[in-house]
Amino acid sequence: MDCLFCKLIAGEIPSTKIYEDEKILCFKDIAPQTDVHLLVTPKEHICCANAITSENSGIVAYIFEKIPEIAKSVGVTDYRIINNCGEGAGQTVKHLHFHILSGPNLNEKLV
């Protein structure tokens with residue numbers, strides 16, 4: 001599989017890790033749209049939100065349980081969470097991930 005995030009998870013490509021455990025990886029976005037722009041992804045390859053099933057949905061709940069802890073670790077309490085599903089919605093890496101965005105330049109138009 002030629003998945004950028006799978007390669008990041010495997011350590012084949014460097015990233016600026018913010019948080020990692022046995023289930024997820026959080027790292028800084030390489031092209032940040034705000035002062036804080038992090039990506040949180042499951043280590044298990046799930047292509048997108050359309051591929052979430054009853055068998056793998058627990059990882060999404062786990063990610064949302066960890067997001068407040070991750071945000072707090074980088075000093076933010078107010079943030080936006082975004083998931084893009086499909087090319088037409090702006091998904092450029094076909095591996096489920098959630099953007100954590102925060103900062104003074106975060107406005108209503110940045111979604």
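**Exercise 1.** Work out how strand 3 (residues 36–42) pairs with strand 5, and which residue pairs with strand 4 involve His99.

*Solution.* Start with the partners: strand 3 and strand 5 run antiparallel and share five bridges. Strands here are DSSP runs of E with at least two residues, and helices are runs of H or I with at least four, numbered from the N terminus; two strands pair if DSSP finds at least two bridges between them. Next, strand 4 (residues 80–82) is joined to strand 5 by three bridges, also antiparallel. Finally, look at histidine 99 in strand 5: leucine 39 stands opposite this residue, and so does isoleucine 82.

A note on the model: it is predicted, with local features needing pLDDT of at least 70 and side-chain atom pairs pLDDT 80 or more, while totals for chains, interfaces and linings use all residues. Residues are numbered from 1 along each chain as its sequence is written, and side-chain values use heavy atoms, without hydrogens and water.

**Exercise 2.** Decide whether the faces of strand 5 are covered.

*Solution.* In a regular strand, side chains alternate between the two faces of the sheet. On one side of strand 5 sit Phe98, Ile100 and Ser102, on the other His99 and Leu101, and all are buried (under 20% relative accessible area, with exposed over 50% and partly exposed in between; 1.4 Å probe, protein chains only). Because five of the five residues (98–102) are buried, strand 5 is largely enclosed by the rest of the structure.
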